[in-house]
Amino acid sequence: MTVVSNDLEVSERLTVAVVGRSGQLSRTLIEHLALLGHAVVVIARPDADLGDSGSIIRAITRTRPDIVVNAAAYTAVDRAEDEPAAARAVNATGAEAIAVASASICIPIIHISTDYVFDGRIRSPYREVDATGPLNVYGATKLEGELLVAAANPRHVILRTAWLCSPYGHNFVKTMLRLAASGKELKIVGDQYGTPTFATDLADAVCAVAATVVKSQPGGDVFGVFHAVSGGQATWYEFAKAIMSGSEVRGGPHVPVRAIDTSDYPTRALRPSHSVLDTSKLRSVFGVSLEPWHASLATCLDAVLVPQAAVSAGREPRVRRALK
Ligand SMILES: NC(=O)c1ccc[n+]([C@@H]2O[C@H](COP(=O)([O-])OP(=O)(O)OC[C@H]3O[C@@H](n4cnc5c(N)ncnc54)[C@H](OP(=O)(O)O)[C@@H]3O)[C@@H](O)[C@H]2O)c1
């Protein structure tokens with residue numbers, strides 16, 4: 001389970017602005033925060049568009065929350081190669097607008113970033129201090145966003161996550177289940193290593209981090225870049241195999257999976273062949289570590305495949321459990 005050493009106290013009710021409404025993380029986070037009793041202000045389209053910095057700054061400064069979480073992004077990795085300006089407007093200058101607004105009202109920002117800021121050449125888990133080198137437009141715009149957020153608000157926490165999945169939206173788990181329904185063997189890349197991460201675990205981590213940083217002044221070790229991914233690692237092939245096994249035991253669609261090389265599956269955007277992230281800094285500073293991905297995959301599959309289990313993206317927040 002997610003370890004929360006600095007438990008959120010019941011009396012600490014925050015007003016949290018979440019940027020994004022229907023995305024995997026934004027939707028899960030909104031649910032978790034509400035279940036924890038926090039007031040949630042959703043900053044989202046059409047009123048607040050990250051492509052229009054003025055609309056974002058107005059929405060945040062008018063609301064005056066205790067903290068803002070940017071869970072929104074342009075996440076279409078391949079399409080970004082053909083739409084770099086659109087990706088940059090959301091992931092870089094849009095993120096900067098949130099940081100500018102939060103700094104202007106003296107509140108911290110939690111901003112979500114990606115493992116795709118790395119080029120994959122380091123074969124051990126990447127640490128926060130390792131050199132970045134994005135291979136694609138999406139990663140480059142997310143890296144620029146990190147730098148702009150950090151420059152605009154010293155009270156920033158940048159959480160790099162990876163391979164995000166949930167019962168909501170578009171993600172690898174749902175794509176594999178949809179493809180399996182066709183009955184054909186799946187050919188899945190077996191030479192890219194990363195960490196499947198589940199939105200419900202990341203939302204838990206965000207809640208725990210928020211509870212700490214609202215009380216922290218600039219300059220403390222709670223601010224900066226942190227890696228926030230589930231425990232373990234996998235190739236896309238191994239992940240697909242686990243999805244098929246989990247689906248089979250739940251009576252869902254399942255087909256054989258064959259490993260192929262990246263070169264057999266060319267995509268518009270290059271991806272790092274290794275983007276496993278070291279999460280020890282998040283654990284040592286905040287006392288937070290995310291579930292092993294296998295465990296959270298089971299919860300996700302329950303929510304997707306077992307109708308009666310589909311409650312709040314699979315389960316209630318871990319932080320809430322810690323409060324009981
Ligand atoms: N998905 C992954 O595999 C993955 C991997 C690594 C890192 N991440 C990072 O994790 C975070 C959450 O990703 P996710 O998978 O939850 O994303 P997602 O499901 O693709 O949702 C994207 C969110 O961004 C919002 N958004 C997009 N363009 C916007 C704009 N112009 N103005 C305002 N809002 C806009 C969407 O708004 P609406 O609510 O209006 O639709 C939606 O809420 C992002 O920072 C992403 O870069 C994701």
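**View 1. Who lines the ligand in this predicted model.** Sorted by class, the shell around the ligand comes out as 12 nonpolar, 10 polar and four charged residues. That makes for 26 residues surrounding the ligand, with S22, D49, T75, Y138 and K142 the closest. Three elements, α1 (24-35), β4 (109-114) and α4 (137-152), each chip in at least two residues of this shell.

**View 2. Polar atoms facing the ligand's oxygens, with Y138, S26 and G23 in the frame.** Y138 puts a polar side-chain atom 2.6 Å from an oxygen atom of the ligand. For S26, a polar side-chain atom sits 3.4 Å from a ligand oxygen. G23 takes part through its backbone instead: a polar atom there is 3.1 Å from an oxygen atom of the ligand. As for cover, the ligand on its own has 900 Å² of accessible area, and the protein hides 85% of that.

**View 3. The largest nonpolar core, 59 residues in all.** Look for F172, V173, F239, I243 and L297, the members that touch the most others. Elements giving two or more residues here include β1 (15-19), α2 (53-63), α5 (172-180), α7 (236-249) and α9 (293-305). The biggest share belongs to α3, with seven residues.

**View 4. Zooming in on V173 and its contacts.** Skipping neighbours within four places in sequence, V173 is in contact with C165, F198, F239, I243, L297, C300 and L301. Of these, F239, I243 and L297 also appear in the list of core members touching the most others.

**View 5. A second core, apart from the largest one.** This other core has 32 residues, and V16, I110, I112 and C207 are among them.

Definitions and conventions
Residues are numbered from 1 along each chain as its sequence is written. This is a predicted model: local features need pLDDT of at least 70, side-chain atom pairs count only at pLDDT 80 or more; totals for chains, interfaces and linings use all residues. Side-chain values use heavy atoms; hydrogens and water are left out. A residue is near a molecule or strand if one of its heavy atoms lies within 4 Å of it. A polar contact is a pair of N or O atoms within 3.5 Å; within protein, one must be able to donate a hydrogen and the other to accept it, and residues adjacent in sequence count only if both atoms are side-chain atoms. Accessible areas come from the Shrake-Rupley method with a 1.4 Å probe; for residues, only the protein chains shown count as cover. Helices (H or I, at least four residues) and strands (E, at least two) are DSSP runs, numbered from the N terminus. Ala, Val, Leu, Ile, Met, Phe, Trp, Tyr, Cys and Pro count as nonpolar, Asp, Glu, Lys and Arg as charged, and the others, Gly among them, as polar. A nonpolar core is a set of buried Ala, Val, Leu, Ile, Met, Phe, Trp, Tyr and Cys residues joined through side-chain atoms within 4.5 Å. Buried means under 20% relative accessible area, exposed over 50%, partly exposed in between (1.4 Å probe, protein chains only). Contact means heavy atoms within 4.5 Å.
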